[in-house]
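Here are my notes on the model you sent, set out as numbered points. They go from the chain as a whole to one helix pair and then to a single residue within that pair.

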Amino acid sequence: LAHEQRVAQVGLVTSGLAHDVMNGLQLISGAAQVALLSRDPLAARDALEKVTAHCQDVAEITRALLQFVKRRDAPEEAVFPIEECLVTAERLVAPLARVKRVTLSRRTSGTPQARGDARLLVQAVVNLVSNAIHACSQTSGRVEVSASRLPDGTGKIEIADTGPGIP
């Protein structure tokens with residue numbers, strides 16, 4: 001059931017991710033064509049550097065998606081920095097935010113950590129932020145994710161949006 005829920009959540013962000021991958025591939029193709037047609041070695045080198053950079057961007061999108069959907073029978077419990085989970089979640093929902101014209105922001109203070117399965121935290125944050133994006137997308141709104149370290153050493157995550165709220 002948990003795997004099916006992860007797959008359903010991936011469906012929420014798939015169209016945006018596909019859009020980002022297609023954009024990346026178009027940029028790679030364009031830069032490769034410039035390199036192939038260029039008679040200037042410096043221009044060809046510059047175009048090939050762009051190909052490399054765009055390939056890394058597409059690979060990062062793919063890695064984040066694969067990490068998110070990777071099936072594991074038992075949760076993996078460990079202490080981990082919350083910031084890493086927020087970065088991964090942001091990468092996954094950023095395409096949806098762009099399509100919906102919603103600004104995302106993230107802030108962290110005090111290097112908070114958590115104990116548990118980092119993938120489950122990413123899953124929860126993706127779900128909450130996706131809901132927030134949909135809630136404020138008609139107003140070209142804003143979603144802010146923040147994490148802080150509490151005095152007792154635990155971490156706290158807050159997600160706020162500029163949506164209309166629950167009627």
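1. Read along the sequence, this predicted model follows the pattern α-α-β-α-β-β-α-β-β, which comprises 4 helices and 5 strands.

2. Of the 167 residues in the chain, 32% are buried, while the exposed surface comes to about 10200 Å², with carbon and sulfur atoms supplying 56% of that area. Where contacts join residues at least 6 apart in sequence, 76% of them link residues at least 24 apart.

3. Two packed helices are described by the angle between their axes and the distance between the axes. For helix 3 (residues 82-100) and helix 4 (residues 118-136), the angle is about 30° and the axes lie 9 Å apart. Helix 3 is therefore roughly parallel to helix 4, because angles under 35 degrees count as such. The crossing of these two helices is right-handed.

4. Which residues meet where helix 3 and helix 4 are in contact? From helix 3 the participants include Ile82, Cys85, Leu86, Thr88 and Lys100, and from helix 4 they include Ala118, Leu121, Val122, Ser130 and His134. Sorted by class, the contact consists of 15 nonpolar, 3 polar and 1 charged residues.

5. Thr88, which has its place in helix 3, deserves a separate entry. Is Thr88 buried or exposed? Its relative accessibility is 9%, and Thr88 therefore counts as buried, since the cut-off for that class is under 20%. Leaving aside residues up to four places away in sequence, Thr88 touches Gln67 and Val122, and Val122 is one of the helix 4 residues listed for the contact with helix 3.

Definitions and conventions
Residues are numbered from 1 along each chain as its sequence is written. This is a predicted model: local features need pLDDT of at least 70, side-chain atom pairs count only at pLDDT 80 or more; totals for chains, interfaces and linings use all residues. Side-chain values use heavy atoms; hydrogens and water are left out. Buried means under 20% relative accessible area, exposed over 50%, partly exposed in between (1.4 Å probe, protein chains only). Contact means heavy atoms within 4.5 Å. Axes are lines fitted to C-alpha atoms, for helices over the stretch in contact, and angles run from 0 to 180 degrees between N-to-C directions. Angles under 35 degrees count as roughly parallel, over 145 as roughly antiparallel, 65 to 115 as roughly perpendicular and the rest as oblique. A crossing is left-handed if the near helix is turned anticlockwise from the far one by less than a right angle, and right-handed if clockwise. Ala, Val, Leu, Ile, Met, Phe, Trp, Tyr, Cys and Pro count as nonpolar, Asp, Glu, Lys and Arg as charged, and the others, Gly among them, as polar. Accessible areas come from the Shrake-Rupley method with a 1.4 Å probe; for residues, only the protein chains shown count as cover.
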